[in-house]
Structures are given as C-alpha cells and as structure tokens.
Amino acid sequence: MSSTSKRWWALGLIALAQFMVIMDTSIIGVALPRMQADLGFSPENLSWVFNAYVVAFGGLLLLGGRLSDLLGARRMFAAGWLILLIGSAVAGLADSVAVELTARAVQGAGAALIAPSALTLLMMLFGAEPKELTRALALYGAAAPAGGTAGVFLGGVITEYISWPWVFYINIPIAALALLATPTLMPAGGTRRGSLDVLGALTVTLGLGAAVYGIVRAPELGWTSGQTWLVLAGAVVALAAFVAIQASRREPLMRLSIFRAPNLAAANIAQLLLGAAWIPMWFFLNLYLQQVLGYSAFPSGAALLPMTILIMIGMIALAPRAIARFGPKPMVVTGLAILAIGLGWLALVRPDGTFTADVLPASLVAALSMSLAFIPSLGTAISSARPEEGGLASGIVNTSYQVGSALGLAAMTAVASAAGADRLGDLPALTDGYSAAFVGAGIIAAAGAVTAGITLRGARRQPAEDAEPVSVG
C-alpha cells in the first residue's frame, strides 16, 4: 500500500470514528419508547439515555485531548475503541435504569478518547497541505451527520425487526475492526512528558453533569425549588473551580491562554451554539414523528434520510468550495441563520400534520444549515492552535459541541415539558411542547449567528504569539 493510499485509508478510519461517536448519540432515539417500557424510565428521566453519554463524552474530552498529546494519539485512539466496545456490551445487557445509564457513561468515556485523538491524527496526516486538510475535514465533517441520521435509521430497523439491545451490540464488531486496523493505518506520533490534571477533569465533568441534571429536573421540581437552585449553584461552583484550577496549575488540563489564539474562542462558541440548537431539533423531531404522527421505529428512521443525504452532499461538495470563495466567517453566520429559519418552520408542526408538509421541507432547510456551518467553525477552531496542542484544541472544540448539545437538550426538554410535552397521548399538548422546543432551539441558532458575526474575524487572520494557524480556506 502506497503512503498516499494509506493516508486516505487512515482518513476512512478517522471518519468511521466520527461516524460512530455521533451515531451512538442518535441510534438510541428511535429505541427510547421500547427502552422506556422495558427498563422503567420515567418521561422526565428518559433524556438521560442520551445525556449520560453526552455528559461523560463532553466532560472528559479535555482529558482525552490531553492524554492524546502526552501519551500519543494512536494509543488513545485504540484505548477509546476498547472502552466503547466494553460499554456497548454492558448497555445491551442492561436490565435496569442504573446499569443502562452507567454503561452509556462508559460509552461516552470511550468516545472522549476517540474524538480528540482522531482529529489529532487527521491533522498529523493532512495538516501540512491546506487544500488536502479542507478536503479531509469535509469528509470528516460529513461523517457526523451521516452517523447521526444513519443512527436513527439503523435504530429504527434494529428496534423494529430485532430488539433494542442490538442498537448497542452493533458497535462491537465495528470497534473490533477499528482496533485491528489502527496499528497498521495510523501514524505512531510522539509522546511527551507532562502531568495529568485529574482534579480538573473531575470538576468540569461534575459541573457539566450538575448543570444538565438541574435543568432537566427543574420542570418537575419547579424553577423556584430550593433543590433546583442548589444543584445549579453546585454546577456553577464546580465549573468556577475548574477555571481556577486551570489558572493555577503549571500543566493544566486546558491552558486558558490558548484562547488568545485568533478565532479559537469565537469558533468554539459557534460550535457550542450549533450543538445546542441542532441536537434538540433532532431529538424532538424523532418524538414528533413517533408520538404525534404515529410512525413506528423503521419509518421514523427512514424519514430523516433526506436530511442526511443533503448534509453529506453539502459538506463534501458545497462547503469546501464555499469556504474557499467566501471564507469561514460568512459560512458560519449564514449556516446558523438558516438553521434558525428551519427551526422556526418546524415550530409550525400540527397535531394532524404530515411528513411531506410539516417535516420534510423544514428539515431540509435545517440540513443545508448544518452543511454550511459545521466545517468552517470546526476547521477554524482546530487550525487556530499550535500544532503541538492539536489534541487539546480537538478536545476543546469537541467539548464545545457536546456541552452545547447536552445543555441545549436539557433546556429544551424543560421548555417542551412546561409547554405540554409531558402529557403522553394528548396530541395537541405534545405538539405544543415540541413546537416550543423548536422555537427555543431557533432562538439559540439566531443568537449563534449574531455572536459569530460579531466575534469571528475575517478569512485573513493575523498570526498571534500564541498560535501558528493553518489556513482552512
């Protein structure tokens, strides 16, 4: 195998990693009603099947990025696949809520090692050539929506025709294949001396988990409840402690001065708000299709295939050309603005609606938005950091997206419940709840467009002392 061919096969494995870690957030969507019935989840706690994965994923990504920089990206890439395999086996065998949520958290921990090391490996393979880097990032980025909607589709097929535990078992042969291919395809990379900030990893994970828990439980306990405010205050304290720890450590988990790099902070904010708007849309669109329109698992998954196809075409064929012509900033701003429009359109869903009138057109508008915004914001965030901090930059941008996803879903779950989404069987109330969630997510997307327009610099960036940026356009 030639070195050029080997690099592109390696990119295929990196894209598979992105496909898998995103698929594991979405494949459970269609299976949730069956899991709820079999394991005894309450309606309020059902979103934790998603959040347990995302909180562990988002909370440990910085640690994963640091481990990638210290111990080597290839080693952490393989370790992540092994942990994901173990978590998937336990999740499929779970017979209680506690075991299921624990296994989902283990899956998230594995993904937290895979994601930053995968991006570091991508930069090692393609970072020296800006045009190849843009193409590689496009393929990598396209794997995310492909994993998201393929997860929904596969989840529908598996839930309908086999049983919901197989939405987890499907990971096992894929992880085994990745473990076998990694030593051959991936560059070894280097290791370097340094310490691990375990306390920092603990505080950021606890802070994120407390924030999500507090927001999800608030509709049930009440926003004025002492318990709600105690949990949210604990989240603020934990996150503030994380920042203080990072500022005081000689070798922190996240060097705070990295955010002085041009565009790094702005691009991460864009990723955070993109995740906070996109994931609630996906989550509640699934529920609308099943609980209001009455779709069973397989048709519900198939209904979102047009979105995936458009996103993949947009990311591979449209995004690189648009970035080259207009630069990253206009694409991020435009993408988030279009997402806000698509979500506003989805908010018009009706209790007696149809897929072709209420879902398809608006979902395609949203799909176009993701294909425009994701690649330029991701590429800008990664290329703004110094090369030796590729793992950290990858961990930060993945954390931003996953934290946005978790907090956005938690907040929109609270909004939907307050508007009637907790009244199972009451179609008008369910529709009102889901519509409110789409409105809330649309406001987040609009805020993201405005923020990106203000904070992102133009395509011509001046190198700062703290960064050696690689052009993404």
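## Confidence

What pLDDT does the protein average, and what share of the residues score at least 70? This is a predicted model, and the average comes out at 84, with 92% of the residues scoring at least 70.

One stretch to treat with some care is residues 460-473, where the pLDDT is below 50. Even so, this stretch has 44 contacts in the model beyond near neighbours in sequence.

## The largest pocket

Now for the pocket. The largest one has a volume of about 420 Å³. It is lined by 18 residues, and the closest to its centre are Met254, Leu272, Thr399, Ser400 and Val403. Four helices each give two or more residues to the lining: H9 (198-221), H10 (226-248), H11 (264-292) and H16 (390-421).

Which helix provides the largest share of that lining? That would be H16, with five residues. As for chemistry, the lining residues split into 15 nonpolar and three polar, with no charged ones.

## Helix H13

Helix H13 covers residues 305-326 and isn't straight: there is a bend of about 45° at Leu318. A proline, Pro320, follows within four residues of that bend. Just after the helix ends comes Gly327, with a positive phi near 90°.

Which residues of H13 are buried? The list runs Met307, Thr308, Ile311, Gly314, Met315, Ala319, Ala322 and Ile323. When you look at how they are spaced, keep one rule of thumb in mind: an α-helix has 3.6 residues a turn, so residues three or four places apart point the same way.

Terms used:
Residues numbered from 1 in each chain as written. Predicted model: local features only at pLDDT ≥ 70, side-chain atom pairs only at ≥ 80, totals over all residues. Heavy atoms only, no water. 1 Å grid on protein atoms, 1.4 Å probe; cavity = no way out; pocket = protein on both sides within 12 Å on 5 of 7 lines; lining within 4 Å. Points joined across faces, edges and corners; volume = space filled by probe spheres on them. Nonpolar A, V, L, I, M, F, W, Y, C, P; charged D, E, K, R; others polar. pLDDT = per-residue confidence, 0-100. Contact = heavy atoms within 4.5 Å. Bend = angle between axes of the 7 residues up to and from the residue. Buried < 20%, exposed > 50% of the residue type's maximum accessible area, 1.4 Å probe, protein only.
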